[in-house]
Amino acid sequence: MSDEYKSYKCVTCNFIYNEADGLPDEGIAPKTRWEDVPEAWICPDCSVNKDDFVIIEI
């Protein structure tokens with residue numbers, strides 16, 4: 001597996017989930033891969049689910 005961390009953007013509100021940063025305030029540790037974020041997780045800004053996020057190519 002690559003050591004490179006990726007970012008994912010909510011297509012509804014543009015919230016960014018960055019794997020390197022995680023979301024510690026929501027119990028998601030830094031360096032948590034997108035596939036390891038629980039399926040029940042929802043966007044903290046607009047409440048859509050993971051299906052509404054796309055990978056950001058930088």
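This report describes the fold, the nonpolar core and two loop residues of a predicted protein model.

**Overall form**

The protein contains zero helices and three strands, and its elements follow the order β-β-β from the N terminus on. Its radius of gyration is 11 Å, which agrees with the value near 10 Å that a compact globule of 58 residues would have. The C-alpha trace spans about 30 × 25 × 15 Å along the principal axes. The accessible surface comes to about 4000 Å², and carbon and sulfur atoms account for 48% of that surface. Of the 58 residues, 31% count as buried. Taking contacts between residues at least 6 apart in sequence, 41% join residues at least 24 apart.

**The sheet**

The three strands form an open sheet in the order β2-β1-β3, and the pairing is antiparallel. Strands β2 (16-18) and β3 (53-56) are the edge strands, each of which pairs on one side only. Neighbouring strands of the sheet are turned against each other by 30° on average, with direction ignored.

Strand β1, residues 7-10, is joined to β2 by three bridges, and the two run antiparallel. On the other pairing, β1 and β3 are antiparallel as well and share four bridges. Some of the residue pairs across these strands are set out below.

| Residue in β1 | Opposite residue | Strand of the opposite residue |
|---|---|---|
| Y8 | Y17 | β2 |
| K9 | I16 | β2 |
| S7 | I56 | β3 |

In a regular strand, side chains alternate between the two faces of the sheet.

**The nonpolar core**

Which residues make up the largest nonpolar core? This core has 12 residues in all: Y8, C10, F15, Y17, L23, I28, W34, V37, W41, C43, V48 and F53. Y8 and Y17, both core members, are also bridge partners between β1 and β2.

V48 is another member of the core. Apart from neighbours within four places in sequence, V48 is in contact with C10, T12, W41, I42, C43 and F53. Among these partners, C10, W41, C43 and F53 belong to the core too.

**Two loop residues with positive phi**

Most residues other than glycine have a negative phi. N14 and K31 depart from this pattern, with phi near 75° for N14 and about 70° for K31.

N14 is placed in the loop between β1 and β2. This loop belongs to a hairpin that has five residues between its strands. Is N14 buried or partly exposed? Its relative accessible area is 48%, so N14 is classed as partly exposed; the class of exposed residues begins over 50%.

K31 lies in the loop between β2 and β3. K31 counts as exposed because its relative accessibility is 57%, and the cut-off for that class is over 50%. Leaving aside neighbours within four places in sequence, K31 is in contact with Y5, E19, A20 and G22. What separates the C-alpha atoms of K31 and D3 in space? The separation is 9.7 Å, while the two residues are 28 residues apart along the chain.

**Summary**

In the predicted model, three strands pair in the order β2-β1-β3, and a nonpolar core of 12 residues includes V48. N14 sits in the loop between β1 and β2, and K31 in the loop between β2 and β3.

Definitions and conventions. Residues are numbered from 1 along each chain as its sequence is written. This is a predicted model: local features need pLDDT of at least 70, side-chain atom pairs count only at pLDDT 80 or more; totals for chains, interfaces and linings use all residues. Side-chain values use heavy atoms; hydrogens and water are left out. Two strands pair if DSSP finds at least two bridges between them. Axes are lines fitted to C-alpha atoms, for helices over the stretch in contact, and angles run from 0 to 180 degrees between N-to-C directions. A nonpolar core is a set of buried Ala, Val, Leu, Ile, Met, Phe, Trp, Tyr and Cys residues joined through side-chain atoms within 4.5 Å. Buried means under 20% relative accessible area, exposed over 50%, partly exposed in between (1.4 Å probe, protein chains only). Contact means heavy atoms within 4.5 Å. The radius of gyration is taken over C-alpha atoms; the globule rule is 2.2 Å times the number of residues to the power 0.38. Accessible areas come from the Shrake-Rupley method with a 1.4 Å probe; for residues, only the protein chains shown count as cover.
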